[in-house]
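Reader: I'd like to go through the labels people put on a structure and ask what earns each one. Could you show me what you're working from?

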Amino acid sequence: MNASPVAHPFDAPPAPAEMREVAPGIHWIRMPLPFALDHINLWALDDGEGGVALVDSGLGTDETKALWASLFTGPLAGKTPTRLVCTHFHPDHMGLAGWLCDRFDIELHATMREWLFARMLWLEQSDDFIANQLRYYRRIGFDESQLAGVAERGNSFRNRIERMPVRVIGLRHGDTLTIGRHDWRVIEGGGHSPEHACLHCAEAGILISGDQILPRISPIVGVWPQQPESEPLSLFLDALSRLGELPADTLVLPSHGLPFTGLRTRVAELQAHHAERLDRTLAALTEPRRAQEVLKALFRRELDAHQMGFAVAETLAHLHHLMAQGKVARDLGADGVWSYRRA
Ligand SMILES: [Zn+2]
C-alpha cells in the first residue's frame, strides 16, 4: 500500500464570492457556516458550452444566497447552471437546494435516501417527532433540563433549509454522471448520512468526497433518534475501505478543510482513530455505565447542549459497534435508562 503522507496542494481557500480552479474545468467555492466548523467547500464543474454543474448548495441563509448572487455576477457571470448534485442531506449541503433549483430551473441529483430524508425532515412538523426525540434522549438518561432543551430545539433541521425540491433525479452507487468532458462515478458512502454520494473521476484522478472523508477532522458517525438501533460505524468503516481502494495519487476534494492527496494515509488514520475510540469506550466500562458517562472518556472538554447531541450520537455509534461485536451488552434499567456493560 502506498503510504504517501497527507499533503495539501493548495495552501489557501478561495475568498468568499471567488472561485479557484483546482483542475481544468473544476472550480472550488467556499461558503461560510455560523458554527464552530465555519465553512463548507462547494464545487462548480464545467458542463458543456457555457454550462456549469454545481455540487452542494451551502446552508439556507441570506448570507449564502447573497454570495451565490455575487458569484453569478462575478466569476460565474455568463455561465448557466445545468444541475445541482448534492452529496447528502445535511443542511450545509442541501440547505439551498430548492432555492438554486427553482432559481435556475434545474434538477436536483441526489441518492434517493438522502433526498427522501431531507424532504421528510423539511416537511416534518408532527408532535410525534418531538415525542420520539424525548423518548430517545430519556432512554439515554438526559435530565429534565436537557430534555427541555431537546423539546425547545424541536426540528432544528427545518430552520436551516430554505426549501427542499419536490422532485429529484435519483443517483445510485455505480451510476456514471457525464458532466462536461468528465465521467463521474457515484460511490456510496455510509455511516455519516443514509446514502452519501461521493463522485470519482478516474480520468482526472479526483474524488469529490463530501463529508465521507475529511483531511483533519473525523466526520460525525452517529446514532440518531429516527433510527435508534442503527450501527453506523460498520457502514462508515466499510465505506472507508471502498475509498481506500481508489488510486493512491487521487486528489480529494472534501467539503471541509483543504483539498488533499494521501488518501490511503488518511483512510488509515481514520481507521486508527475509530479503533482507538473503541478501545477507550470499552476501557470506560469498568462497571455498567450510561452513555453520558462513557462519553466523558471520548470527549474530555466541556460540551454545550448542541455539541452534547453530537457527542451522544457518536458515543452510541461506538457502543453499538461493540454490541454488534458481542463485546458490550445493554440493559434497560427500572428507571427506563439504558446502561452498558462489558459482555
Ligand atoms: Zn454532513
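Author: Sure. Keep in mind that this is a predicted model. Let's start with the metal site: in sequence, the donor residues of the zinc ion follow the spacing H-x1-H-x101-H-x18-D.

Reader: What makes H88, H90, H192 and D211 the residues that coordinate the zinc ion?

Author: Distance. A donor has to be an N, O or S atom within 2.8 Å of the metal, and NE2 of H88, ND1 of H90, NE2 of H192 and OD of D211 sit at 2.1 to 2.2 Å. They therefore count as donors.

Reader: Why is the arrangement around the zinc ion called irregular?

Author: The 4 donor atoms subtend angles of 91 to 168°. Tetrahedral needs all angles between 85 and 135 degrees, and 168° falls outside that, so the arrangement is classed as irregular. As for the surroundings of the donors, H88 and H90 are both buried.

Reader: On to charges. How do you know that D62 and K65 form a salt bridge?

Author: Their closest N and O atoms are 3.6 Å apart, and the cut-off is 4 Å, so the pair qualifies. Both residues lie in helix α1 (residues 62–73), 3 residues apart, which is about one turn of the helix. They also belong to a network of salt bridges that links D62, K65, D102, E162 and R163.

Reader: Why is D62 called exposed, and why does K65 count as buried?

Author: Exposed means over 50% relative accessible area and buried means under 20%. D62 has 61%, so it is exposed. K65 has 17%, so it counts as buried.

Reader: What makes E107 and R167 a link between distant parts of the chain?

Author: They are 60 residues apart: E107 is in strand β6 (residues 107–111), while R167 is in the loop between α7 (156–159) and β7 (169–171). Their closest N and O atoms are 2.9 Å apart. E107 at 25% and R167 at 43% both fall between 20% and 50%, so both are partly exposed.

Reader: How do you know that E229 and R330 form a salt bridge?

Author: Again by the 4 Å limit: the closest N and O atoms of E229 and R330 are 3.2 Å apart. This pair spans 101 residues, from the loop between β11 and α8 (232–244) to strand β13 (residues 328–332). E229 is partly exposed at 49%, and so is R330 at 24%. A search of the whole structure finds 14 salt bridges.

Reader: Now the sheets. What makes β8 and β12 edge strands?

Author: The sheet is open, with 5 strands in the order β8-β9-β10-β11-β12 and mixed pairing. β8 (176–179) and β12 (251–254) each have a single partner strand, so one side of each is left without a neighbour in the sheet. The twist averages 25° from one strand to the next.

Reader: How do you know that β11 and β12 pair?

Author: At least two bridges are required, and strand β11 (residues 206–210) and β12 have 4, in the parallel sense. One of the contacts joins G210 to its bridge partner P254 in β12.

Reader: And what makes β1 and β2 a pair?

Author: They share 3 bridges, in the antiparallel sense, which passes the minimum of two. The bridge partner of A23 is I26, in β2. Their sheet is open and mixed, with 7 strands ordered β1-β2-β3-β4-β5-β6-β7.

How values were computed: Residues numbered from 1 in each chain as written. Predicted model: local features only at pLDDT ≥ 70, side-chain atom pairs only at ≥ 80, totals over all residues. Heavy atoms only, no water. Helix = DSSP H or I, 4+ residues; strand = E, 2+ residues; numbered from the N terminus. Axes fitted to C-alpha atoms, helices over the stretch in contact; angles between N-to-C directions. Donors = N, O, S within 2.8 Å, 3.2 Å for Na, K, Ca; no water. Tetrahedral: all angles 85-135°; square planar, octahedral: opposite > 155°, others 65-115°. Buried < 20%, exposed > 50% of the residue type's maximum accessible area, 1.4 Å probe, protein only. Salt bridge = Lys/Arg side-chain N within 4 Å of Asp/Glu carboxyl O.
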